[in-house]
Amino acid sequence: MKIKKKIIIKIINTVITAIIIGLMIAPFFIMISVSLKSYEEVTKWPPNWIPEVLRWDNFSAVWNGDGNIKRAFINSIIVSFSTMILCTLLGTFAAYGVSRFRFKGKKIFMFLVLITQMFSPVILIAPMYKIMTEFGILNTYLSLIIPNTAFALPMTVWLLYGYLQGISKNLEEAAMIDGCSRLQAVTRILMPILAPGIITAGLFAFITAWNDLLFAQTFITKPEMRTLSVALTSYKSIFQTYWHKMMAASLFSVIPVFILFLLIQKYLVKGLASGGIKE
């Protein structure tokens with residue numbers, strides 16, 4: 001009876017897992033299916049899950065055709081990577097300072113950092129627009145990098161602070177006793193252990209900037225400076241939406257994040273498995 005019970009539980013768990021995975025994959029499958037159809041086939045009822053004719057030219061149309069997303073894709077890459085680099089650099093220094101040094105108002109400082117996440121960008125968009133205008137940086141990469149960094153940085157600090165709190169100070173102290181300076185102890189001992197946290201925080205900052213639509217629509221008016229998120233909205237008009245082109249362009253928007261996950265996955269696993277002395 002116990003063996004049968006275990007088998008039944010295993011089957012139920014497998015079915016539930018398969019359903020969850022299917023629900024997660026379904027939107028991606030629909031996106032691929034629609035991107036390979038013509039406009040007439042997309043609007044057809046009942047819909048066909050598998051396209052009658054694979055329209056590979058949809059991808060070349062959105063990449064190289066009229067209103068192509070090539071330039072928007074490059075703009076998003078520049079803004080997102082810049083935001084990621086700034087957030088990881090500033091966030092690492094800030095989190096290290098709060099984690100390793102004692103000073104008055106430390107808890108208040110971290111509380112204030114957390115409170116900034118409560119403010120919606122919509123509330124601050126008007127004063128930020130005025131600031132951008134005063135400095136003359138509208139329609140530039142800076143007008144997107146600065147606000148995206150400002151809104152991604154608090155969470156970056158908190159993520160890295162959490163990782164640093166789990167790493168013993170004894171590692172750095174032992175290195176400094178052996179003759180290393182604080183900088184050497186941090187770069188040679190602490191950074192390799194902190195790598196999973198830095199990668200996670202950097203990925204969060206990248207995705208935040210990559211998915212931004214509000215700042216890009218507000219601070220950018222020149223077509224050549226638009227980002228990918230804004231370019232995707234161009235396939236929708238008052239009377240119709242070109243779903244096949246929008247889905248084809250959306251697949252291009254998934255590629256950078258997918259590649260990033262593939263590249264950093266082994267480093268995440270390695271960093272988490274490497275361990276260290278915990279307090």
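**Exercise 1. Find the helix that holds Ser-76, then work out what surrounds this residue.**

Start with the address: Ser-76 sits in helix 4, which covers residues 70-100. Keep in mind from here on that you're looking at a predicted model.

Next, check the cover. Ser-76 has a relative accessible area of 3%, and the cut-off for buried is under 20%, so Ser-76 counts as buried.

Now look for partners. Leaving out residues up to four places away in sequence, Ser-76 touches Trp-210, Thr-227 and Leu-228. With Leu-228 there's a polar link too: the Ser-76 side chain comes to 2.7 Å from the backbone nitrogen of Leu-228.

**Exercise 2. Do the same for Asn-58: place, cover, partners.**

Place: Asn-58 belongs to helix 3, residues 57-64.

Cover: with a relative accessible area of 7%, Asn-58 is buried.

Partners: setting aside neighbours within four places in sequence, Asn-58 is in contact with Ser-35, Leu-36, Lys-37, His-244 and Ala-248. Zoom in on Lys-37, and you'll find its backbone oxygen 2.8 Å from a polar atom of the Asn-58 side chain.

**Exercise 3. Compare two residues of helix 9, Leu-194 and Gly-197, and list what they touch.**

First, confirm the helix. Leu-194 is in helix 9, residues 182-210, and Gly-197 is in helix 9 as well.

Second, read the accessibility. Leu-194 is buried at 2%, and Gly-197 is buried at 0%.

Third, collect the contacts beyond four places in sequence. For Leu-194 they are Thr-92, Leu-160, Tyr-163, Leu-164 and Ile-167. For Gly-197 they are Leu-160 and Tyr-163.

Last, try some C-alpha distances. Gly-197 and Thr-156 are 41 residues apart in sequence and 9.2 Å apart in space. Leu-194 and Lys-236 are 42 residues apart along the chain, with 44 Å between their C-alpha atoms.

**Exercise 4. Is Ile-12 buried, partly exposed or exposed, and which surface feature does it belong to?**

Begin with helix 1, residues 2-35, where Ile-12 is found. Its relative accessible area is 45%. Partly exposed runs between 20% and 50%, so that's the class for Ile-12.

Then look at the surface around it. Ile-12 is part of a nonpolar patch that also includes Ile-8, Ile-16, Met-24, Phe-29 and Trp-49. Taken together, the patch has about 1,100 Å² of accessible area.

**Exercise 5. Track down two backbone details in the loops.**

Go to the loop between helix 2 (39-42) and helix 3, where you'll find Pro-46. The peptide bond joining Trp-45 and Pro-46 is cis, with omega about 0°.

Now move to the loop between helix 6 (121-135) and helix 7 (142-165), home of Asn-139. Its phi is near 60°, a positive value in a residue that isn't glycine. Asn-139 is buried, at 17% relative accessible area.

**Exercise 6. Decide where to read the model with care.**

Take the whole chain first: pLDDT averages 84, and 94% of the residues score at least 70.

Then go helix by helix. Confidence is highest in helix 10 (residues 214-219), at 92, and lowest in helix 12 (residues 243-274), at a mean of 76.

Finally, check residues 273-279, where pLDDT stays under 50. The model has ten contacts beyond four places in sequence for this stretch. Where pLDDT is low, predicted coordinates shouldn't be read in detail.

How values were computed
Residues numbered from 1 in each chain as written. Predicted model: local features only at pLDDT ≥ 70, side-chain atom pairs only at ≥ 80, totals over all residues. Heavy atoms only, no water. Helix = DSSP H or I, 4+ residues; strand = E, 2+ residues; numbered from the N terminus. Buried < 20%, exposed > 50% of the residue type's maximum accessible area, 1.4 Å probe, protein only. Polar contact = N/O pair within 3.5 Å; in protein donor to acceptor, adjacent residues only side chain to side chain. Contact = heavy atoms within 4.5 Å. Patch = residues over 30% accessible without salt bridge, like charges linked within 9 Å, V, L, I, M, F, W, Y side chains within 5 Å. Areas by Shrake-Rupley, 256 points an atom, 1.4 Å probe, with all protein chains shown as cover. Salt bridge = Lys/Arg side-chain N within 4 Å of Asp/Glu carboxyl O. pLDDT = per-residue confidence, 0-100.
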